[in-house]
Amino acid sequence: MQCNTPTFRWKLSYMGGVEYEVHDETGSYLVEIAMRSPNSYHLSVCNGDDVRSEVKSRVGILRRCSCIRRADGSWTFEVRPEVVDAFNEWRMEQHFMWLAQLEAQPERYGVIGPDDEFRRLPLMARGGDYRFGENVWEVTHALA
């Protein structure tokens, strides 16, 4: 399924990261975002300092789960800026929809106080790409 407006679907969450399926005019692909800094366990299972550097630097960057080849022949994990923007908008809509569902059932979920962590807005994604040989992620599309 190809579409002009990107659509997103949650796939799985693990070790502070979340994976989504994206459908847009280029086709379907998987993206991932690290939602928080890695904890000590996550860093302990990384295979060396290069991997630890990569894991630490990717927090908040929406990236493809697998490389694609650019027109110039280079490889990239980068998600197009308009897809990053659409993702942030979709996630914010999902957050408020989910919060409304919780608030509509206080008998089931309790009353959600004004300072409850469930009210905290989701981390806004930035676009980025991996710098091969340097083992870090570079922001290529920051928030406006």
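Helices and strands here are DSSP runs, numbered from the N terminus, with at least four residues for a helix and at least two for a strand. Read that way, the protein chain of this predicted model runs β-β-β-α-α-β-β-α-α-β-β from the N terminus on. That makes four helices and seven strands. The C-alpha trace spans about 55 × 40 × 25 Å along its principal axes. Of the 144 residues in the chain, 38% are buried. As for how the chain meets itself, take the contacts between residues at least 6 apart in sequence: 48% of these join residues at least 24 apart.

A good place to start looking inside is the largest nonpolar core. It holds 14 residues, and the ones that touch the most other members are Y20, V31, I33, L62 and F87. Two or more residues each come from strand 2, strand 3 (27–34) and helix 3. Helix 3 is the top contributor to this core, with four residues.

Y20 deserves a closer look. Leaving aside residues up to four places away in sequence, Y20 touches R9, W10 and K11, then Y29, L30, V31 and I33, and finally F87, W90 and R91. Two of these partners, V31 and I33, are listed with Y20 among the core residues that touch the most other members, and so is F87.

Next comes the open space. The largest pocket has a volume of about 380 Å³. It is lined by 14 residues, and Y20 turns up again here: together with M35, R91, H95 and P122, Y20 is among those closest to the pocket centre. Strand 1 (7–14), strand 2 (17–24) and helix 3 (81–103) are the elements that give two or more residues to the lining. Helix 3 supplies the largest share, five residues. By residue type, the lining splits into nine nonpolar, three polar and two charged. Helix 3 thus has a part in both places, giving the most to the core and the largest share to the pocket lining.

The last stop is the pair formed by strand 6 and strand 7. Strand 6 covers residues 126–131 and strand 7 covers residues 136–141, and the two pair in the antiparallel sense over five bridges. Within this pairing, G128 stands opposite V139 in strand 7. The two strands form a hairpin, with four residues between them. In the turn sits G133, with a positive phi of about 90°.

Conventions:
Residues numbered from 1 in each chain as written. Predicted model: local features only at pLDDT ≥ 70, side-chain atom pairs only at ≥ 80, totals over all residues. Heavy atoms only, no water. 1 Å grid on protein atoms, 1.4 Å probe; cavity = no way out; pocket = protein on both sides within 12 Å on 5 of 7 lines; lining within 4 Å. Points joined across faces, edges and corners; volume = space filled by probe spheres on them. Nonpolar A, V, L, I, M, F, W, Y, C, P; charged D, E, K, R; others polar. Core = buried A, V, L, I, M, F, W, Y, C linked by side-chain atoms within 4.5 Å. Buried < 20%, exposed > 50% of the residue type's maximum accessible area, 1.4 Å probe, protein only. Contact = heavy atoms within 4.5 Å. Pairing = 2+ DSSP bridges.
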